[in-house]
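Dear colleague,

Here is the structure I said I would pass on. My notes follow below it.

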Amino acid sequence: MRQHVFLLLLSASLIGCSADVGDRYNVEIRWTSYGIPQVKADDWGSLGYGFAYATATDGVCVFAREVARANGTLTADMGATPENIGSDAHTRSSTAARTRVAKRTSGVANRRPGNRPE
């Protein structure tokens with residue numbers, strides 16, 4: 001299920017990158033040899049579009065990695081490195097601990113003196 005959500009988010013972001021803007025924005029984006037985007041535009045709207053496009057192009061891998069990290073699936077999605085295995089173990093153990101605490105404390109707020117559990 002998590003992989004389906006991940007793939008859905010990834011495909012949605014890539015579809016957005018290929019949208020045809022026609023003559024709406026006039027922008028030129030060049031990346032330096034160091035990977036820094038340079039955006040040249042004729043107006044503020046085009047500058048905003050160019051900046052967002054460059055950010056999305058550079059950031060889609062970072063976003064995908066953070067989604068995998070939050071889901072605890074870095075090892076499955078990005079490969080079995082010691083860092084990924086450790087991150088998955090930490091995420092899964094903290095998620096399991098939160099689930100146990102939530103189950104243990106469910107209904108505790110309603111147990112006040114004089115109130116009987118139903």
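**Salt bridges, ring pairs and one helix packing**

R30 has a relative accessible area of 48% and is partly exposed (buried means under 20%, exposed over 50%, partly exposed in between, with a 1.4 Å probe and protein chains only). Its side chain meets that of E28 in a salt bridge, at 3.4 Å from N to O; the term stands for a side-chain nitrogen of Lys or Arg within 4 Å of a carboxyl oxygen of Asp or Glu. E28, at 39% relative accessibility, is partly exposed.

Please note that this is a predicted model, in which local features need pLDDT of at least 70, side-chain atom pairs count only at pLDDT 80 or more, and totals for chains, interfaces and linings use all residues. Residues are numbered from 1 along each chain as its sequence is written, and side-chain values use heavy atoms, leaving out hydrogens and water.

The count of salt bridges is two. E66 and R69 also meet in a salt bridge, with 3.5 Å from N to O. These residues are three apart in helix 2, and therefore about one helical turn separates E66 from R69. E66 is partly exposed at 41%, and R69 is partly exposed at 31%.

R69 also belongs to the contact between helix 2 and helix 4, together with R65, A70 and N71 of helix 2 and N84, S87 and T91 of helix 4 (contact means heavy atoms within 4.5 Å). Helices here are DSSP runs of H or I of at least four residues, strands are runs of E of at least two, and both are numbered from the N terminus. Helix 2 covers residues 44-71 and helix 4 residues 82-105; they pack at about 50 degrees with axes 8 Å apart. Axes are lines fitted to C-alpha atoms over the stretch in contact, and angles run from 0 to 180 degrees between N-to-C directions. The angle makes helix 2 oblique to helix 4 (under 35 degrees is roughly parallel, over 145 roughly antiparallel, 65 to 115 roughly perpendicular, the rest oblique).

There are two aromatic pairs (rings of Phe, Tyr and Trp, the last by its six-membered ring, with centres within 6.5 Å). In one of them, Y25 and Y49 have ring centres 4.9 Å apart and planes at 10 degrees, so the pair is stacked (planes under 30 degrees apart; over 60 is edge-to-face, the rest tilted). Y25 lies in the loop between helix 1 (2-17) and strand 1 (27-31) and Y49 in helix 2, so the pair ties together parts 24 residues apart in sequence. Ring pairs link Y25, Y49 and Y53 into a cluster.

Regards
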